[in-house]
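Student: I have a model open and want to learn how to read its contacts. Where do we start?
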Protein chains: 2
Amino acid sequence: MSISKISVVIVDDHSIVIEGLKSLLEHGHNLDITAHFTMGKPAFEFIGKERPDVILLDINLPDINGIDLCRQIKEAVPETKILALSNYTERNIIMQMLQSGANGYMLKNISGQGLLNGIAAVQNGEIYFSREINEIIGNPSRFELKEVPRLTKREKQVLALVAEGKTTTEIADILHVSPLTIETHRRNLHYKFQVRNVAELVMAATKCQFL
Amino acid sequence: MSISKISVVIVDDHSIVIEGLKSLLEHGHNLDITAHFTMGKPAFEFIGKERPDVILLDINLPDINGIDLCRQIKEAVPETKILALSNYTERNIIMQMLQSGANGYMLKNISGQGLLNGIAAVQNGEIYFSREINEIIGNPSRFELKEVPRLTKREKQVLALVAEGKTTTEIADILHVSPLTIETHRRNLHYKFQVRNVAELVMAATKCQFL
DNA sequence: TTTTTTCTACTGGTTTTCGGGTATTTTTTC
DNA sequence: GAAAAAATACCCGAAAACCAGTAGAAAAAA
């Protein structure tokens with residue numbers, strides 16, 4: 001156990017949340033809330049200068065995306081531990097956060113004790129997830145397991161126009177190519193998404209957030 | 001100004017938020033946080049008995065929906081002022097909350113002062129919205145202005161099957177009716193959504209949250 | 001009970017999509 | 001510079017969707 005307290009920085013766009021975290025963390029433990037920010041940029045500058053131990057980082061920020069901020073912080077100050085604190089339960093958001101170097105991920109409904117456990121764990125070099133997040137990571141849906149098809153630029157254009165209800169000839173007209181070309185693109189889209197008609201295609205594409 | 005303080009009850013599933021609200025509201029103003037709950041049911045029972053002045057109500061609750069809880073509270077204790085405190089910026093969620101009798105709606109990124117203003121306003125009989133909410137209510141998108149078509153039970157069934165990529169004959173088979181009947185339903189769906197083909201239909205239906 | 005809505009079914013014809021191929025040119029990537 | 005990927009284009013036939021109209025039975029609402 002080191003003599004100095006763990007320095008913690010809070011980054012969250014909700015002042016309510018910041019107050020809550022301060023209140024939950026202040027009760028005589030060996031950590032010190034060095035600063036708190038509602039914006040990403042000033043937080044980044046402060047972190048680069050002061051090099052705190054742990055950052056409680058929200059994903060929704062007014063100026064920049066929390067996932068990008070995470071990557072930037074990890075690049076600038078790799079030894080800083082980042083604990084994501086968000087409401088997002090989507091598996092791919094959690095994965096993006098980890099990809100960006102986060103040391104842990106917790107939902108905002110966490111208890112004060114859970115929070116302290118998380119901070120202690122990441123400070124100790126562990127990767128920490130709250131209970132619900134463990135569940136989400138461990139139980140991917142059938143949909144989440146099959147990979148999102150990689151579409152070419154042209155295919156994305158055609159897909160968007162198909163979803164707008166345009167017919168093959170209309171699309172051909174818009175893109176100044178032969179309708180036969182568009183039919184080929186459509187056939188390839190069906191193949192890539194493993195579907196048999198437009199209805200399924202549009203549904204599959206929306207689920208993969210192409211639309 | 002009455003001699004007794006305004007009694008406030010907080011209902012939110014996040015202990016962080018509860019702590020934050022307590023911290024922001026406790027600083028020597030004329031209000032008193034009577035109780036706080038992370039669940040709807042115990043909150044409802046308490047409110048029915050103690051009849052507090054103002055309730056800060058979240059929409060996401062573990063046991064019941066905040067919108068339904070609002071309606072129930074207003075039915076049981078109509079004089080109680082309900083101030084919705086949520087992250088939802090969707091116009092139709094706000095509208096549902098108002099429909100259910102809420103006296104105000106604020107986003108969780110509100111400041112301490114904004115919170116106090118809101119509580120004072122609803123206690124004074126006003127309907128209060130934070131700045132962003134005023135914007136959202138006042139600026140409906142083109143999509144939000146056109147009403148959602150009312151579908152019959154059968155049409156909903158057909159729509160769901162169409163979205164699954166089923167063909168007319170397959171649907172007819174599943175519902176044990178003539179394919180010609182299904183074609184009529186499809187035609188009616190196209191008319192109600194004002195679309196010209198399945199692609200548009202599926203898109204329109206997903207936007208209206210039918211799928 | 002009357003009226004309205006919903007569900008059902010049909011005729012007949014046009015347009016569009018879908019599935020199986022093949023193949024050349026252009027652009028990227030290695 | 002060679003190889004791979006993407007975009008282009010074509011043929012053919014079958015299946016499905018789309019359009020316009022009509023209309024009777026059943027269920028729900030007035």
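Student: Which side chain meets Glu170(A) in a salt bridge?

Tutor: Keep in mind that this is a predicted model. The partner is Arg196(B), at 3.4 Å from N to O. Across the interface of chain A and chain B, the rule finds 2 salt bridges. It also finds 9 residue pairs in polar contact there.

Student: Which elements of chain A give two or more residues to the side that touches chain B?

Tutor: They are α1 (15-25), α8 and α11 (198-207). The largest share comes from α1(A), with 8 residues. By class, that side has 13 nonpolar, 10 polar and 7 charged residues.

Student: How do I express the size of an interface?

Tutor: It is often given as the accessible area lost when the parts come together. Here chain A and chain B bury about 2400 Å² between them. Carbon and sulfur atoms carry 63% of that. In chain A, His14(A), Ile16(A) and Met203(A) lose the most area to chain B, together 24% of what that side buries.

Student: Now the DNA. Which residues come nearest to DNA strand D?

Tutor: Of the 19 residues around the strand, Thr152(A), Arg154(A), Ser178(A), Asn197(B) and Val198(B) do. α10(A) gives the most to this surface, with 5 residues. The surface divides into 3 nonpolar, 9 polar and 7 charged residues.

Student: What parts of the strand does the protein approach?

Tutor: Sugar or phosphate accounts for 65% of the strand D atoms within 4 Å of the protein, and bases for the rest. Take individual polar atoms next. One on the side chain of Thr168(B) lies 2.9 Å from a phosphate oxygen of strand D. One on Glu183(B) lies 3.0 Å from a base nitrogen.

Definitions and conventions: Residues numbered from 1 in each chain as written. Chains lettered and ligands numbered in written order. Predicted model: local features only at pLDDT ≥ 70, side-chain atom pairs only at ≥ 80, totals over all residues. Heavy atoms only, no water. Near = heavy atom within 4 Å. Polar contact = N/O pair within 3.5 Å; in protein donor to acceptor, adjacent residues only side chain to side chain. Helix = DSSP H or I, 4+ residues; strand = E, 2+ residues; numbered from the N terminus. Nonpolar A, V, L, I, M, F, W, Y, C, P; charged D, E, K, R; others polar. Buried area = accessible area lost by both parts, 1.4 Å probe. Salt bridge = Lys/Arg side-chain N within 4 Å of Asp/Glu carboxyl O.
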